[in-house]
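Please open the model in your viewer and keep the sequence beside it, since this tour moves from one selection to the next.

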Amino acid sequence: MKRRITVLGSTGSIGVNTLDVIARHPERFEVFALSAATQVDLMLQQCERFAPQFAVMATEPAARELAARLRARGLATQVLWGQRSLDEVASHEQVDLVMAAIVGAAGLASCLAAAAAGKRLLLANKEALVVGGDLFMETVRRGGATLLPIDSEHSAIFQSLPEDPATWDDRVEKIILTASGGPFRTRDPATLRNVTPEEACAHPNWVMGRKISVDSATMMNKALEVIEARFLFGLSPQRLEVVIHPQSVIHSMVQYRDASVVAQLGTPDMRVPIAYGLAWPDRVTSGAPALDFHTLADMSFESFDSRGHRQRFPGLALAWDSLRGPRGTTAILNAANEVAVAAFLDRRIRFDQIHSVNVATLSAVAPSNPGSLDELFELDRQSREAAGDAVARCRA
């Protein structure tokens, strides 16, 4: 029987790759709903190809335009808009799987709706865990949802861990997340103030959206992934480590108590973890090229403490700092970083000032120990306001 899937954020890079994998297995998967922000043209193409029951746009004008263009083509997809509609297609009783690929904190509510409804939740939105933290994991447990990470690093960790989560704490010594180092791994830290958005978005290994590309360039993406790993796998922050691996062939590793290391390898193609999440516990073809060991370049590794990386990527240490803070600190960090990255992409602050905005916001906002979605949103609002003030001071 086909499994019905909702793809939240279908016009982004993860969403497009998800639909590519789904299209390779029409006997296994059926698209139930798609969602996008305002990309009407691409959403129209996706509706024509996959014929979902629902398409959800972020704004009413985009929804009206899409609906008119679908009617003109005689297509029956029902068009909705807004957050409530996102929650509905994420938790709908006919849905089996939800791909959560909406970028940033904006994807949190629909992730929680899917988790509360007990769906298989394929989590590509790391910010949902960074912001939601314990509240998110509690919702997963109460709803009986199955949570599968789609980030290449966390998927690699999940594949390398023992099958029984109850044994992780006793059998695992530490989790090692790999980082490519992005486009500035060897750049003189003193020159980073001159980095342009175009340079920051030119990742050497991965094709990604602009926000996550900048996060990779600052290594804030790895800071967020450390936080995500803490909540996903339950190990203490002291048992989470980052190593720089420029080739992006080993996606992450697990070191066991006996000193053995299990790693997951593959080409840097997001269709691999996506296919794993869609078919788990089975394996299906992803469309990605296989790793060719005959042509594989030498693999190298660098400590974060070497080659000036701490000066080059000061934001990485904020992961452990925020995990040591009161509940809600990671949500503050995420909000600050989203505001700072947006300001950099708009050329309102320099590249090196992203970290300054993050640090200033963490100092300005008191964590509120949020216990509900409304409280999380209020903390997020306060943090964004403080980050906006920090951006303004950078420009003064």
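A residue is called partly exposed here when its relative accessible area lies between the buried range, under 20%, and the exposed range, over 50%. With that in mind, and remembering that this is a predicted model, select Arg350, which counts as partly exposed because its relative accessibility is 29%. Its side chain meets that of Asp352 in a salt bridge, at 2.9 Å from N to O, and Asp352 is itself partly exposed, with a relative accessible area of 30%.

Next, select the open sheet of seven strands, whose order is E4-E3-E2-E1-E5-E6-E7 with parallel pairing. Its edges are strand E4 (78-81) and strand E7 (146-149), each of which pairs on one side only. Within the sheet, strand E5 (residues 97-100) is joined by four bridges to strand E6 (residues 120-123), and Met99 stands opposite Leu122 in E6. Now add helix H2 (residues 40-50), which packs on the sheet and touches strand E2 (29-36) and strand E3 (54-57).

Then turn to Asp282 and Arg28, which form a salt bridge with their closest N and O atoms 3.3 Å apart. Asp282 lies in the loop between helix H12 (271-279) and strand E12 (302-303), and Arg28 in the loop between helix H1 (13-23) and E2, so the pair ties together parts that are 254 residues apart in sequence.

Finally, select Glu225 and Lys126: is this salt-bridged pair buried or exposed? Glu225 is buried at 2% relative accessibility, and Lys126 is buried at 4%. Both belong to one network of salt bridges with shared partners, which also takes in Asp151, Glu153 and Lys222.

Key
Residues numbered from 1 in each chain as written. Predicted model: local features only at pLDDT ≥ 70, side-chain atom pairs only at ≥ 80, totals over all residues. Heavy atoms only, no water. Pairing = 2+ DSSP bridges. Helix = DSSP H or I, 4+ residues; strand = E, 2+ residues; numbered from the N terminus. Contact = heavy atoms within 4.5 Å. Axes fitted to C-alpha atoms, helices over the stretch in contact; angles between N-to-C directions. Salt bridge = Lys/Arg side-chain N within 4 Å of Asp/Glu carboxyl O. Buried < 20%, exposed > 50% of the residue type's maximum accessible area, 1.4 Å probe, protein only.
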